[in-house]
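Hello,

Here is the structure I said I would pass on to you. Please have a look at it first, and then read my notes underneath.

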Amino acid sequence: MTAPATANEVVRNLAELTRELRDRTSAYRAAEYDAALKRHAANMAESRSFLAADGAMELRKHTARVAADRAEGDALIAEALVRILKAEIRSIETRIDVGRTFGATVRAELRTLDYGGGS
């Protein structure tokens with residue numbers, strides 16, 4: 001993507017980035033909720049299996065982990081999605097900051113050219 005060269009392009013670019021940020025933030029909220037539910041489900045599945053298992057402590061722990069394998073995998077994937085969305089949000093925020101810098105540069109150039117009615 002090339003840098004916006006006019007004030008209108010800067011505004012359009014910032015508006016698009018703001019929309020992307022809003023969409024990612026909404027997805028992040030849903031992903032956090034989903035991850036919390038899945039983490040809880042995985043923890044409960046492991047605890048129930050542990051309580052139902054027989055044998056030595058270490059055997060019971062590993063029996064419970066194996067029994068909760070699917071729920072734990074789902075929770076790990078959901079937590080990874082949360083981290084990915086956080087990274088995408090940080091990237092969009094950086095792009096917004098860059099867009100603001102472009103806007104300031106365009107305004108400074110316009111003042112230098114005495115465009116828009118002077119100072």
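Below is what I found, going from the whole chain down to single residues.

Please keep in mind that this is a predicted model.

**The whole chain**

The chain holds three helices and zero strands, and from the N terminus on its elements run α-α-α. Its radius of gyration is 25 Å, well over the 14 Å that the globule rule gives for 119 residues, so the chain is more spread out than a compact globule. The extents of the C-alpha trace are in keeping with that: along the principal axes the trace spans about 85 × 25 × 20 Å.

How much of the chain is buried? Buried residues account for 20% of the 119 residues. The chain exposes about 8500 Å², and carbon and sulfur atoms supply 58% of that area.

The contacts are worth a look too. If you take those between residues at least 6 apart in sequence, 76% join residues at least 24 apart. As for charge, there are 19 positive and 18 negative charges, and their mean positions are 2 Å apart.

**Helix α1**

Helix α1 covers residues 7-52, and S49 has its place there. Is S49 buried or exposed? With a relative accessibility of 18%, S49 counts as buried, because the cut-off for buried is under 20%. Its side chain reaches back to the backbone oxygen of A45 at 3.0 Å. Leaving aside neighbours within four places in sequence, S49 is in contact with A64 and A67.

R22 also has its place in helix α1. At 52% relative accessibility R22 counts as exposed, since exposed means over 50%. Along the chain R22 and E93 are 71 residues apart, yet their C-alpha atoms are separated by 11 Å.

**Helix α3**

Helix α3 is made up of residues 69-112, and G99 is in it. G99 is buried, with a relative accessible area of 2%. Which residues does G99 touch, not counting those up to four places away in sequence? They are V10, N13 and L14. V10, N13 and L14 fall within the range of helix α1, residues 7-52, so you can follow a contact between the two helices here. Compare G99 with L51: these two are 48 residues apart along the chain, and their C-alpha atoms are separated by 56 Å.

I92 is in helix α3 as well. It is buried, with a relative accessible area of 2%. Not counting residues up to four places away in sequence, I92 touches L17, E20, L21 and R24. The C-alpha atoms of I92 and L76 are separated by 25 Å, with their positions 16 residues apart along the chain.

E88 has its place in helix α3 too. Is E88 buried or exposed, or something in between? At 30% relative accessibility, E88 counts as partly exposed. E88 and T18 lie 70 residues apart along the chain, while their C-alpha atoms are separated by 13 Å.

**Where to start**

If you have the model open, you could begin with I92 and its contacts to L17, E20, L21 and R24. After that, G99 with V10, N13 and L14 makes a good second stop. S49 with A64 and A67 could come next.

Best wishes

Definitions and conventions: Residues are numbered from 1 along each chain as its sequence is written. This is a predicted model: local features need pLDDT of at least 70, side-chain atom pairs count only at pLDDT 80 or more; totals for chains, interfaces and linings use all residues. Side-chain values use heavy atoms; hydrogens and water are left out. Helices (H or I, at least four residues) and strands (E, at least two) are DSSP runs, numbered from the N terminus. The radius of gyration is taken over C-alpha atoms; the globule rule is 2.2 Å times the number of residues to the power 0.38. Buried means under 20% relative accessible area, exposed over 50%, partly exposed in between (1.4 Å probe, protein chains only). Contact means heavy atoms within 4.5 Å. Accessible areas come from the Shrake-Rupley method with a 1.4 Å probe; for residues, only the protein chains shown count as cover. Lys and Arg count as positive and Asp and Glu as negative; His and the chain ends are not counted. The place of a charge is taken as NZ of Lys, CZ of Arg, CG of Asp or CD of Glu. A polar contact is a pair of N or O atoms within 3.5 Å; within protein, one must be able to donate a hydrogen and the other to accept it, and residues adjacent in sequence count only if both atoms are side-chain atoms.
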